[in-house]
Structure formats: C-alpha cells, structure tokens
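Student: Please take a close look at one stretch of backbone in this model for me. I would like to know its setting, and then how other notable spots and the domain contact look.

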Amino acid sequence: MPKPEYLHFFIDPNRCIGCQACVQACSECDTHRGESMIHLEFISRADSVQTVPVVCMHCEQPTCAEVCPADAIKRTGDGVVQSARKPRCIACGNCVLACPFGVPEVYEDRQLMMKCDMCYDRTSVGKKPMCATVCPSQALFFGTREQIEQLRPMSTPVNRFQFGRQTISTRVFMMMPAGLVTPTPYVDVTSAMDDRPRQRAIQLTPADNQDPFADVEV
Amino acid sequence: MSGARLSTSAEPERLVKTHCCFCGQQCGIQLKVRDNEVVGFEPWEEFPFNRGMLCPKGVKRYLQGAHPDRLTTALRRDESSPDGFSAMPYADAVAKVAAAIADIQQQYGPSAMGVLSGASLTTEKTYLMGKFARVCLRTPYIDYNGRLCMVSAGAANKKAFGIDRTTNPWSDMVGTDVIWIAGSNVAECSPITTNYVWQAREQGAKIIVQDPRITPVARTCDLYLPVKPGRDAALFAGVLQLMIEHGWIDQDFIDTLTVGFDEVAAYCRQWTAERTAQVTGVPERALRQAAEWWGTAKTSFLFHARGIEHHSNGVQNALGTINLVLATGRIGKSKSGYGTITGQANEQGGREHGQKCDQLPGWRDIANPDHRRHIAGIWGIDEKDLPGPGVDAYELFRKIDAGEIRGLLSICFNPKVSLPDNAFVTRALEKLEFYAAIDFFLNDTARHADIVLPGSLQEEDEGTVTQVEGRVIKINKAVDPPGDARQDWRIVQDIAGALGRPHGFTFTEPREIFDELRRASKGGVADYSGITYEKIDAQMGVFWPCYSEDPETGRPVDHAGTPRLFEPGSYNRVAKGAGPFYFPDGKARFNVAEFRTPVDDASDDYPLFLTTGRVVSHFLSGTQTRRIGPLVNQYPEPRIELHPKLAAKLGIKDEDWTIAETRRGAITLRAMVVTTIRPDTIFIPYHWPGEKSANRLTVAAQDPISKIPQYKVCGCRVRKADGPPAYASVLEPQQ
C-alpha cells in the first residue's frame, strides 16, 4: 500500500525546541538501526537556542537522483525519494554534494548512501513517520492540509525553495509565518545564507530590537 | 559504551501499554517485550495526554532494563572487594537489615531509624513507605525527595486553595488568551507541554515567559521577562500593583469568592513599577506590558515550576503567582487555570498519601487528631502508637549528623547528588551506624550503604501514579525483575516480616495496597476511593478527587473523577457547598507574598548568581540516564553556561576549563559561552555526581514553610582554570 496522497509532512522550525526526540527515535528504525537519518542542528548556539530539524524534503525532481551516475536513487509513485538501492550504489557521494538541503550521507562502512525515506515502512501501512509521531513540539507534523490549516492558522505551508537559479518543489512543507508570504510563496534559501539567528524571535515592539540583557552590568 | 546497546530487529512477543518512567508528564508509551526483556518501544497514540509524543528520554528509556549495572543480587559492603561490595543471598541480606534495625531501635529507641523515600515510586509504594515507617518502625522520621521538588507549590496551594493539585487538564490551555510561564524551562523539563503551549499560541494566545535564561520557549514567546534570580516575588507584587492601579482586576470575584485581598493590595503598594524594575532586572515597559496582557485577558493559564519554587522564598513566590490568578478571577473555568508542572514521575501522587513527614494518606495531616484516628483505624493500630510529625529530608541529615538518627533505610532517593551542599550529606552518611538502600542501580548514595537490596525498575511492577494534571494513571508490568531483584514493596514487607512485625505488611499484589489506600484516602481531600484499576484503563486515567460515595448525599456513586477544580457551584467536603474552594467558607485565600532577598545572595566576594537546572536528555541525579548511551552522547557532561560579556571580562572562551566557586566549594567544568543567559548569572545542570556535581556549590538554605532548598540562586564567582581537572583524564565507570 503506498503512502496516501492526502497525508503530508510539515516542518515548523519555529516550534523546534532542539530536544532530539526525533533523532533518537529515528535511530530506532529497523532499516538503519543505530543511525539517525534526521539532521538537527543549532543555527549558532552562541547566539540563540534556535535549532532546525531537517528530514529529506522529497523533491519532485530530486537533484540527488539526477546526479546519481548509478541510477541508484528512486522516487516511488507516491513521491517518496528513497535511500540508494544497495546493489546499485557506488558510494561516490555525488548526491551528498548535490542535495541543496544537505540530506544524504554516505556510510563508508557499508558503502551506501542512506537518508530519510519518510519511514516508508510505517507510512505505507497508514502510520505516521516515527519522528513526527514522537516530536513533543510538533515541529514535525504529519497529516492532511485541512488539519494543518485548522491547527495552525498563524502559519502557511510552503514547498518551493530558491537556491540561486534553481527552484525546487518538494513533497515536504516548511511552515512560514502567515503574514509574510505572497500568493505563490517560496523560501529564498541562498539569500538567507548569511543571516544570523536572533536571541529572541519576537520583540516587544517592532522598534524594540535590542538585547534583553543590554542593561545588565557585570 | 554499555548503555548504547540497541534492540535487536526480532519481532517483539507483545506490546505493553504503560507510561514513561521519568518525569511528571507520564507520557503513554508501549514497551516492546521479548524473552522477559524490554527491547524497544512503540508510540501509544491513543493516550490522550501525549498522543504518541515522547522526549528523547522516553524514546531511549527502554535501554535501562538489561544494563550490565542492573543490580541482580543483594550486596554487602566489603572493603576487600575492588568495587567495595560483594554479593550475598537475598534472605541473608534481609535478615541482616532487620537485625541491624532491631539493634539500633533497641539501643537508641524507635526514632533512631530514618527512612528516605521518593516520588518516582508508584503511589502504592509511597503509601506503603509511609505506613512502614509509622507502623513497622514506629519512627516519625520519614521524608521523601519531593522535598527537593514541589513542596513550595504544595504549601502555597494548601494556603490559597485548601487543596494541592493543578486546576485544569492541559487541553484547557488551547484557546486561552494568555499563558504565563514562570520559572519553567518547559522545552527541556516537560517537553510534551510544549505542544500545548504552541497550540494555544496558534489559536491566538500570547505567551509570557519569566526566566533568567532565554530557553527554547522563551526564544519565541511574545513577552520575555529576564528576571534576576531570586526576585520573583517582587516581580509578581509589582505586576499586581500595576493591575490594581489600572483597575485590571475582577473586584466581583475578589469580593464574593476570596478573602485577604486588602492586605495583599497594601503590601503591593510599595512595589512601584520603577522599584520593581530596579529589584527584578526586568525593564519597566516589560512589566507594564505583562500587567496589561495579564490584567485585560478574558481567559488565561499560569503555570510555574522549580524556577520560582527552588528558593528559600519559594512558598512566597508561588503565592505571588496565585495572587495574580485570584485577582483576575480566572480560575475554575474551561480556558482558565493555574498549575505547577510536576517534576518527578509521581510527584503529585507521591505527595498525597503519607510519605511526607507531616502527612497521612488522603492528604491528611499527621497532627490532626481526627485524621490520626481515621488512619489508625485503617491500619489497625492504636492512635497513640502512631508517631507525630517528623522532619524534612535535609533536617533528617542534620539529625544524622547530630547523632539522633543512627540508622537509615533509603529507596528512590540519591541525596549525595541531589541535596544542596552535598559535602555535608556525604559526611553525614559516613556517620550512620547502619544504612540499607533499596535500588536497581548502585547510585552514588547507595555506595555508602552497608547492605543494598536489589529493587525493581518501573517496568518490573504495576501500580498507579498521578501525573501533572492530577490524572491517576496505571503503570503496567512488562517484565519480571531479574535474578534476586524484587519488587520494592515485597522487599519492604520482607523486612517487616524479618523484624517480626508483619502486621499490615502481608499484601500479595499492588492492587491490594491500592484498595487499602482507597479506603485510607476516603473522606480526605485527595480522595481516591472511587478509582479502580479498571476505571483507569477504561477512561485512560482518572482525575482525583474521585469518590465512592457522593460527598453531598453520602450515597454510593460511580464517579468519573474531577478533571477541573473550583468550577462554579461545585461541591466539596470541606466547604460543604459554601463555595468552590476547599475551606469551610468555600473562598480562596489571598496571602501576602513577601519578597525577601535570597540567602547567600550575590555579594562583593561572590558577585555572580549561580542557578541550576536540567537538560533534556538527563533526569534528576542521572542514575538512569547517565547509563543510557544515546542520552549520554546527547549531553555528555555538565558545562558552565555564561554570557560572552562576562566571559570577555574574565578572559574565558567557549570550551575553556572554568572554575565556579561558592562559599561551599568549587568545581571545574568547561565553559559554554552563549548570549542566552543574563550576564550576571551562570547556569550549571545538576545531573552529575562527584567532581562535576553542581550541588557541591548550592546553598542548604531552605524555605521556612516548605523546607525546599534554594537551588536556584546563590552567590558565586568564576575564573578560568589553569588546566583540565584531574577527573578529565579518568574514564567514568558509568559511561
């Protein structure tokens, strides 16, 4: 049974608390026991506690598959981009270099690229992916468009990303603040590369852009 | 790493629906079991509180069971053995414990024995421990590690409401106008609560966070109050004063359903916004914004945790939050509530049924003659044989130090790591003539024991616990204890038997203990009489009070429980219909919540504030989580969090070995230089023992009412270390 069309994966980095429940749960999967396929990073811990969980975005035209010289990366009919096929993968790492989201990794010990396959063993039998099931902040959410619209009126799902001249559409959605998006919203990743995180995402007033500890003397 | 063993891929024989063994959220989880071993987990999405969600501790908790450190035999202290202990037969160990207890009590009297218990035990066990100390040992000296945790909140709740429980189910948070989080690092200490907070925000709630650190929830909250450690009561008084000045209070509610407001208002008058800002370090405009949002909201939720409770002024701090709630009248309604976020697994149930030094089952008072008679009747003893109030856990160590208490039995408590100024605790432990510990791993305190009895892990027994919302839930047994290990209640009963005092300690299963507890609690404020294991299963938890007899009519009733307290028109046994609160007049109490400067505050010699707390991948003294490899990897060792402004002044860079020093001692840890903490404050997590123990530094000052220690602030100084500490080159046995 394929993954139902109407169920989608949504990531909301604003909700992420960096707890790593997703990372720890992912490493429990029987197909990659002990290894997590999720990347969870502090943007810059010195500046902020902000963290971002990254699962495979499951591109409609996966760059990883396009650059694979061994044709080892397949996309299922329901849009899930799978880990490299073991008999084909030559562990060249082209996909690692090409993926704009930095998702695939080559495991040298087994000479194989592995990455998030949206818990195909679970989603294909009607369960949610493990990470989105356990995530205590629900920064990782799996459900229908209707559910996300009802549960998260302050956010809008976006699945188009701009990397320089490359536009990528993905099966996975990123939640953006509702007020900031245009009718055909996209995230310009390249232009945000040099941004630094702020200590606090929300300030008391728009003009109040200062460090809450500015007046504390030591 | 021993704890990094991962489960095999083989299919489990069965899934056991139960709950996590760690914090007070008590997430539902299904444990995979094969060959009498917990080999993995599967989310339990039907359980309503967490619907499958788990934090990293819950995900990896299954790894503790087959750990090589698991105690599977009794141990006796043996100086000739390399690790200080050697195995002994269980029956001999029990006989030896009983003989030593009898000896000490014969020589020095019954009160020469002390008992330390814990709030991670099931309610059945906590009930049994209270009964064991009073009935079998006939000592008043029992207390528990909840003393380190929630007693400030409990005492404040008792003073203000006459009952001690969170008022609403967490689902009430969604749809509220404002959530005020006072001193709670929700994301790391109660992660599942985060989704409720975020969900409330998506529906329009404004979030206010009061904390000296920009925690993950503070990062995206609407209003951040960067309070200076130990100044919380001043902040609450200042905000209430602003609300009174602007008329943002519910005078009708205050007049009809509360008493004591005028005294509180008179006290707050001195807390002008200007003075409050100066004392608390919170800018005046932030205070005004908080007062406006809180004062003008239609619905609200306020919750607090150890951040404001772990203070020598902890009860006053908690009362300050309650005054803010009562002044608005927003309590006892579907989208308005108040609560304290419980810390340990059974922090709620563990503080209701008699392991607390001044308490009897059903949240009864050990000094109250009526309460004593009722419980003595249940226990089949003469009321005059029931000891009176004992002392708090820290005072119990002072009594050991003074030679008044000569013998100790401990379970589920690791005071050598968890009590403040723990060098003193270590000295006291060495003064004991006899110390027996019941434990599943040899914790740092148990290493001082003469005899260690191998107890049970949470998944090796059944029973109930009461989680953060006041919901009584059922822990189900997944596996049998290994080797000679026994369920804790059996061990306690074996000791009673070996002492020749088996009366009242002949239960054959936890259900029998629960049934006696139900009868004992009947008629008390924490009335569990209508709760059964079957009802818990059928309803996915039962909120107490849950009656077997209608309190109004006295007729038998099939009561579903009380999800929400203080609803208009609600009946309780204390008020008898006079009002919703648990006092004879049915009214809530305002209490003057006075600000007092912390003991051992920052000073010229120790100019910084030290504050302590948790990280998400560890739990309490780390006895379990420091043995689970993936959780150790996530946060391998404690660090000293400090602001770059302070670090620059002291010449400290990120990762540098750094010494934090207080009047009690000094520890050397690596620095973590971050802008997310007040520059006048450092933070150290407390999950580690020995040279890395934050509680070498903390002060043993205690709240005069609740006796909670002041973990969250003391004067401190910091300097760069000349080099790595000696421990850095030694591989720890636990990791």
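**A loop residue and its wider setting**

Tutor: Happily! B:Glu655 is exposed, because 11 other C-beta atoms lie within 10 Å (buried means 20 or more such atoms within 10 Å, exposed 12 or fewer, partly exposed in between, with C-beta atoms placed from the backbone). This is a predicted model, in which local features need pLDDT of at least 70 and side-chain atom pairs pLDDT 80 or more, while totals for chains, interfaces and linings use all residues. Residues are numbered from 1 along each chain as its sequence is written, with chains lettered from A and ligands numbered from 1 in the order written.

B:Glu655 sits in the loop between α23 (644-650) and β25 (657-661) of chain B (helices are DSSP runs of H or I with at least four residues, strands runs of E with at least two, numbered from the N terminus). Its phi is near 80°, a positive value in a residue other than glycine. Most residues other than glycine have a negative phi, and most peptide bonds are trans.

A:Gln138 also has a positive phi, near 55°, and lies in the loop between α5 (130-134) and β6 (140-143) of chain A. A:Gln138 counts as buried, because 23 C-beta neighbours fall inside 10 Å.

Back in chain B, the peptide bond from B:Trp544 to B:Pro545 is cis, with omega near -5°. B:Pro545 belongs to the loop between β21 (542-543) and β22 (588-589) of chain B.

As for domains, the C-alpha centres of domain 1 and domain 2 of chain B are 27 Å apart (bounds come from an automatic or database domain assignment). Their contact takes 15 residues from domain 1 of chain B and 14 residues from domain 2 of chain B (contact means C-beta atoms, placed from the backbone, within 7 Å).

Key:
Two residues are in contact if their C-beta atoms, placed from the backbone, lie within 7 Å.
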